[in-house]
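Welcome, and please take a moment to turn the model around before reading on. The notes below are meant to be read with the structure open beside them.

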Amino acid sequence: MNTYQHSVLLEPSKCTGCTTCLKHCPTEAIRIKDGHAVINDKRCIDCGECIRNCPHQAKKAVSSKLEAMDRFKYKIALPAPTLYGQFDNLDDIDYVLDGLLKIGFDDVFEVSKAAELVSAYTRLYLKTEGNVKPIISSACPVIVRLIALRFPSLSNNILHMLPPMEVAAGLARERAKREHPELKDEDIGVCFISPCPAKVSYVKNGFADYKSKVDEVVSISDIYFKLINEMQHGSDIQSLCETGIIGLSWASSGGEATAIFNEKYLAADGIENVIRVLDQVENGNIAHLEFIELNACPGGCVGGVMTMQNPFIAKARLRSLRHGLPVSRNSIDGDTHYIPEGYLFNDLPEYAPITRLSDSIAESMRMMSDIQTLKETFPGIDCGACGAPSCRAFAEDIVRGKTERTVCPFMTAKEAEAK
């Protein structure tokens, strides 16, 4: 059985066991043991919330270095649209694209270009009969993993469309082989420049039976200063930009949803808001919606933990860059009725839902009863002193045999008084 490779890791030497990450983890994947945090790999969704909130920088995102691309003869960069919002006084996207060529890439294929094509095919997907509404976007890998682990009943609502990064990788490879027929598949390397660690995990692990066409993922923060050195205003640059307003807007929350040209949509960002929306969808409390766009990071991809700039500033910069651009530079034939196979995936990854206590229904019911009984004996203040994020989580850990009730200082004091 393959082990899921994560991109969010802990540096124990920096961790003080302060419980801040404990309180912000959306899947309760973190516990405090022996004075520092421990991450449960089966529950972690690589959302980066622990990185964002850790006051001691004990959590980090692990991605490739640019030098990892040196093993390829022909190197292709896939810049996320978020990258363009990182630079002050940028008035032309071509400065960024040309800069990528100057730092060693042989070609650049904009993810925002692929995003416009994905938007066009999503509009077609929404018109297809038999889809379970509301359809939930699959563009953010955190959301897909969160649904599988915490909201498995909504799996059928997930859009079976590959994210723009993957579409871009496939189209970039096709273009490289078309323009350079002498190249073999193994000669071509594709590098995604990412704002978030979840994309790293996506590439490392694949997606059910689908293997990513991206070879390496480099963080925006790692490539930022290399680009700054090459982006000289007033210098001669190549005209490379092939995206419009729709593609650029994917970097911010709501950009994907508004591109479906349908008012029956909802867009939410920030993992806590996302969970609230999924709770309501699961309970049937959100009616008359056809499409839901969810982004784990606040503000959308501009809020990723592998970026350089404040997401609100980046969003404002991207809005300025849209001036003068067409709505879209990439569309599909109006007579098209089918979505190409290269844009779709067949199966979702299978994960054991975190709410499942046992494979036996009877055993699960017994454990739930024991958890509830134990929980009622605890103070209910969710202080984290036991190393669990809540009294309920602590009770579950006890029932699962992972800890003892004496770990709770309040219970220890209470029992001592009783004696």
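What follows is a short tour of the sheets, the internal spaces and some backbone details of this predicted model.

## The four-strand sheet

Let us begin with an open sheet of four strands, in which the order is β6-β5-β8-β9 and the pairing is parallel. The edges belong to β6 (107-108) and β9 (216-219); each has a single partner strand, so one side of each is left without a neighbour in the sheet. As general background, strands of a sheet pair through backbone hydrogen bonds, in either a parallel or an antiparallel way.

At one edge, β5 (residues 74-79) pairs with β6 over two bridges, in the parallel sense. If you would like a residue pair to look for, I76 has D107 of β6 as its bridge partner. At the other edge, four bridges link β8 (residues 188-194) and β9, again in the parallel sense. Here S194 has S219 of β9 as its bridge partner.

How are the two faces of β9 placed, covered or open? Both are covered. E216 and V218 are buried on one side, while V217 and S219 are buried on the other. This fits a general pattern: in a regular strand the side chains alternate between the two faces of the sheet.

## The three-strand sheet and its helix

A second open sheet has three strands in the order β7-β11-β10, with parallel pairing. Its edge strands are β7 (135-136) and β10 (265-269), each of which pairs on one side only. Helix α11 packs on this sheet and touches β7, β10 and β11. The direction of α11 makes about 150° with that of β11.

The parallel strands β10 and β11 are joined by five bridges. Within this pairing, A268 stands opposite L294 of β11.

## The largest cavity

By the rule applied here, the model holds six cavities of 30 Å³ or more. The largest cavity encloses about 330 Å³ of space. Its lining is made up of 29 residues, and those that lie nearest the centre are A139, K199, W250, N295 and C301. By class, the lining has 21 nonpolar, five polar and three charged residues.

Which elements supply at least two residues each to this lining? They are α4 (111-126), α5 (141-150), α6 (164-179), α7 (197-205) and β11 (291-295). The largest share, three residues, comes from β11.

## N295, a residue to centre on

N295 is a good place to bring two of these topics together. It is found in strand β11, and N295 is also among the residues nearest the centre of the largest cavity. Is N295 buried or exposed? Its relative accessibility is 9%, so N295 counts as buried.

Leaving aside residues up to four places away in sequence, N295 touches I143, S253, A268, D269, G270, V274, G300 and C301. One of these contacts, C301, is also listed with N295 among the residues nearest the centre of the largest cavity. Another, A268, is the residue that stands opposite L294 in β11.

## The second largest pocket

Turning to the pockets, the second largest one has about 450 Å³ of space. It is lined by 20 residues, with C25, P26, T27, E28 and R150 nearest its centre. The elements that give two or more residues to this lining are α1 (20-24), α11 (271-282) and α14 (391-399). Helix α11 is thus a link to an earlier section, as α11 also packs on the sheet that holds β7, β10 and β11.

How many residues of each class line this pocket? There are nine nonpolar, four polar and seven charged residues.

## Backbone details in the loops

Three loop residues deserve a closer look. P134 lies in the loop between α4 and β7, and a cis peptide bond joins K133 to P134, with omega at about -5°.

The other two have positive phi without being glycine. T19, in the loop between β1 (8-10) and α1, has phi near 75°. N89, in the loop between β5 and α3 (94-102), has a phi of about 60°. Where do they stand in accessibility, buried or exposed? T19 is buried, at a relative accessible area of 18%, whereas N89 is exposed, at 62%.

Note on methods
Residues are numbered from 1 along each chain as its sequence is written. This is a predicted model: local features need pLDDT of at least 70, side-chain atom pairs count only at pLDDT 80 or more; totals for chains, interfaces and linings use all residues. Side-chain values use heavy atoms; hydrogens and water are left out. On a 1 Å grid over the protein atoms alone, a cavity is a set of points where a 1.4 Å probe fits but cannot get out, and a pocket is an open set with protein on both sides within 12 Å along at least five of seven lines; lining residues have an atom within 4 Å of a point. Grid points are joined across faces, edges and corners, and a volume is the space filled by probe spheres set on the points. Ala, Val, Leu, Ile, Met, Phe, Trp, Tyr, Cys and Pro count as nonpolar, Asp, Glu, Lys and Arg as charged, and the others, Gly among them, as polar. Two strands pair if DSSP finds at least two bridges between them. Contact means heavy atoms within 4.5 Å. Axes are lines fitted to C-alpha atoms, for helices over the stretch in contact, and angles run from 0 to 180 degrees between N-to-C directions. Buried means under 20% relative accessible area, exposed over 50%, partly exposed in between (1.4 Å probe, protein chains only).
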